[in-house]
Amino acid sequence: MKPMDVQHYKELLLKRQEELMEEAARFEQEARNSRVAEVEDPIDVVTSDESKSANFHLRDVAARTLQQVRAALQRINDGSYGFCIECGRPIERMRLEAVPWTPFCLEDQEKHDQAEAAGEGANVIPTA
Ligand SMILES: [Zn+2]
C-alpha cells in the first residue's frame, strides 16, 4: 500500500483549525452583542432568544469539530492518522478528503450516527 500523504491532510486540518478558531471568536463576539441588544431593546427578546439558540447550536457543532480536528492532528503526530479508532481499518480516502478530521471509517460513523439519532451515545466525543 502506498504511504498516505499525511502532510496533505495535516495542511487541511491546520487550515480548518484556524477557521474554526476564528468562528469561535466570532460566536463569542455575537453572544456579547446579543446580550447588549437585549438590555437595550426588550421587545426583541424573543427574536434574539431564537437566534441565540441557533447560535449556540452552531457554536456547539464548531466546538465539537474543533475538538475532532485537534484529535486528528494528534493522531498525525503519533502516526495513527487515517485509521478508524473503532475498528483500526484504514479510513476511506474519499472520506478523509471530505472530512479529514473524522476518526471513524464510514461503517463505524454510520453506527455512531444511528446511536446519536436514537439518543444513545449523544455527546460522546471520541478522544484519541
Ligand atoms: Zn471502523
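Hi everyone, this is a short walk through a zinc site and a nonpolar core.

A word on the basis: this is a predicted model, where local features need pLDDT of at least 70, side-chain atom pairs count only at pLDDT 80 or more, and totals for chains, interfaces and linings use all residues. Residues are numbered from 1 along each chain as its sequence is written, and side-chain values use heavy atoms, with hydrogens and water left out.

Let's start at the metal. Which residues coordinate the zinc ion? They are Cys-84 (SG), Cys-87 (SG), Cys-105 (SG) and Asp-108 (OD), at 1.7 to 2.3 Å. Donors here are N, O and S atoms within 2.8 Å of the metal (3.2 Å for Na, K and Ca), and sites may look incomplete because water is not among the atoms. Along the chain, the donors of the zinc ion are spaced C-x2-C-x17-C-x2-D. Cys-84 sits in the loop between helix 2 (45-78) and helix 3 (93-98), while Asp-108 is in helix 4 (residues 106-117), so this pair ties together parts 24 residues apart in sequence. Helices are DSSP runs (H or I, at least four residues), numbered from the N terminus.

How accessible are these donors? Buried means under 20% relative accessible area, exposed over 50%, and partly exposed in between (1.4 Å probe, protein chains only). Cys-84 is buried at 4%, and Cys-87 is partly exposed at 35%. Asp-108 is buried too.

Now the core. The largest nonpolar core (buried Ala, Val, Leu, Ile, Met, Phe, Trp, Tyr and Cys residues joined through side-chain atoms within 4.5 Å) has 17 residues. Its largest share, six residues, comes from helix 2. Thanks, everyone!

Terms used. Helix = DSSP H or I, 4+ residues; strand = E, 2+ residues; numbered from the N terminus.
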